[in-house]
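Here is a walk through one structure, sheet by sheet and then into its core. Keep the model open as you read.

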Amino acid sequence: MFTNAGTSSFTTFLSRVAPEMLPGRRPLPPGMAADLAPHATTIVAIAAADGVVMAGDRRATMGNLIAQRDIEKVHPADAYSLVGIAGTAGIGIELMRLFQVELEHYEKIEGAMLSLDGKANRLASMIRGNLGAAMQGLAVVPLFAGFDLAAADPARAGRIFSFDVTGGPYEETGYDAIGSGSLFAKSALKKRYRVGLSVEDATRLAVEALYDAADDDTATGGPDLTRRIYPVVMTATAEGTYRLTDAETATIAEGVVAGRMENPGG
Amino acid sequence: MAMQFYASPEQIMRDRSELARKGIARGRSAVVLSYSGGVLFVAENLSSALHKVSEIYDRIGFAAVGRYNEFENLRRAGVRMADLNGLSYDRRDVTGRALANAFAQTLGAIFTEQSKPFEVEICVAEVGATAADDELYRLTYDGSVNDEPGRMAMGGQAEAITGVLKSNHRPDMSLGEAVQVAVQALSTVGGEGGAARTIAANQLEVAVLDRQRVGRTFRRITGAALTALLDGESAPPSSDRPDTPSVPTGEAGKPTSSAGSADLEDRPGQPDS
């Protein structure tokens, strides 16, 4: 089964030899299942002058309960791109792992990376595969961002793609947010985002936006100073992806909280 | 009525072996050896696009000689198997031994069942925590597997090359020394009148599995970095971005979380550890 000359796509290979491993291929009993599993919430992404920043809060909820305080929703998709997940956490994590293998697999088989648009389109088709489950309440909507190695203008190399549940990929300009707190995060970013931000400023701005989301959305968690749980912040630049260390995010988050002590509106 | 001539099974197997051996001996050679910093692959290859050496998984590399279409088919199968197992279990559960076994089964079945055996010889190498933990498996056209002692040569006049490697190779060599030993061994054969040849950098395909890296350890050495190694400068392999960037895994304790390499995740601007 492995020797068929076949395809460079891992999901296409799986659909032939092990379709049960694809999230969209499982039969679900009829009815809504939205309250069945934890939900992952807010993710923000910001395009900076020399790359892109993505950050996510750490909360997962089930109805009115907090299901997890330290879930990680922002991950590297490959060397130069990031993916964040909102929606049903279990399916989201599975989809994210599958997407990581998909990109790595293509790179190993073909000896070259997919283009950034190619990666976004692959992710879109994987979300489309989950449409049936999404219509029963188990929706997953990722946010995808990366450094485009083929960009003609280096200032536009950091690019962001959002998706709807039917898989439509949409390239966003400047910034975007997904998840339950995205409305508030986007409102905050709308007022504060400037073209040509440095990556450092963008990381601070991302944490500020998550603070604003947590301020007004119960499903989004703010910086947890007592337990020392801070947002996951990652960057993708010409040097590759980088996850800010706990100490670095602690410094940023404490700065944001200190600022809000003086001016709660930010 | 056409008469079917009788050929004994021994005769059939001998003929197939001879065909495969001749095919493999016609090609250029490849050398795999372990050194202090990892596992080194050096292959004579005039093409820079059709690889004889490639990445299978985080700590596993693949080198082959013989017919390109045949070993490329096996390589793809290996990548698929590794990625499928890594996704279903964990990245740590993908091992060189399992891959070598799978290749051996496939090659063995092809040798006995098909009318023509694969004219290939393969090395599956897994880099370990120390040079003593490195695993090198040699797979031949008939599906036999051999565990090699830290160095091996295949293709072309492999025996002569193995002899030179055996006397020069030490597992505690640096990368520069290892590349020179490998290239010197390759160049002892095929020269006019038994003399050594000179092999230019653009006729070599060089890659390593880097022991120090977390996540994907495979890295090609090309261009200026390779020339520097061949010239005997002890300069470390350049910090140039690898051709196929290898990438992100989180901490060593959580290999599942993603596919990546530690050095790309280092803070930009800081030297590699």
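**Two sheets and a core**

Start in chain B, where B:V124 stands opposite B:Y137 in β6(B). The model is predicted. That residue pair belongs to a longer run of pairing: strand β5 (residues 120-126) of chain B is joined to strand β6 (residues 135-139) of chain B by five bridges, and the two run antiparallel.

Move on to the next strand. Four bridges link β6(B) to β7(B), again antiparallel. Here B:R138 has B:N146 in β7(B) as its bridge partner. The hairpin of β6(B) and β7(B) has five residues between the strands. In this hairpin, B:G143 takes a positive phi near 90 degrees.

Now step back to the whole sheet. It is open, has five strands with antiparallel pairing, and follows the order β3-β4-β5-β6-β7 in chain B. β3 (53-57) and β7 (145-148) of chain B stand at the edges. Each has a single partner strand, so one side of each is left without a neighbour in the sheet. Neighbouring strands are turned by 25 degrees against each other on average, direction ignored. In a regular strand, side chains alternate between the two faces of the sheet.

Chain B has another open sheet of five strands, with the order β8-β1-β2-β9-β10 and antiparallel pairing. Which strands are at its edges? They are β8 (151-154) and β10 (218-221) of chain B, and each pairs on one side only. From one strand to the next, the twist averages 15 degrees.

Look at the β10 end. Strand β9 (residues 204-210) of chain B runs antiparallel to β10(B), and four bridges join them. One residue to find there is B:L209, whose bridge partner in β10(B) is B:F218.

Helices pack on this sheet. Helix α4 (residues 158-168) of chain B touches β1 (30-35) and β8 of chain B. The direction of α4 makes about 160 degrees with that of β8(B). Helix α5 (residues 175-187) of chain B touches β1, β2 (38-44), β8 and β9 of chain B. The direction of α5 makes about 30 degrees with that of β2(B).

Finish with the core. In soluble globular proteins, nonpolar side chains tend to be buried together. The largest nonpolar core here has 149 residues, and A:V44 and A:I46 have the most contacts inside it. Helix α6 (residues 199-216) of chain A gives the largest share of this core, nine residues. Beyond its neighbours within four places in sequence, A:V44 is in contact with several residues, among them A:A55, A:Y175, A:L189, A:A206 and A:L210.

Notes:
Residues are numbered from 1 along each chain as its sequence is written. Chains are lettered from A and ligands numbered from 1 in the order in which they are written. This is a predicted model: local features need pLDDT of at least 70, side-chain atom pairs count only at pLDDT 80 or more; totals for chains, interfaces and linings use all residues. Two strands pair if DSSP finds at least two bridges between them. Axes are lines fitted to C-alpha atoms, for helices over the stretch in contact, and angles run from 0 to 180 degrees between N-to-C directions. A nonpolar core is a set of buried Ala, Val, Leu, Ile, Met, Phe, Trp, Tyr and Cys residues joined through C-beta atoms within 7 Å. A residue is buried if 20 or more other C-beta atoms lie within 10 Å of its own, exposed if 12 or fewer, and partly exposed in between; C-beta atoms are placed from the backbone. Two residues are in contact if their C-beta atoms, placed from the backbone, lie within 7 Å.
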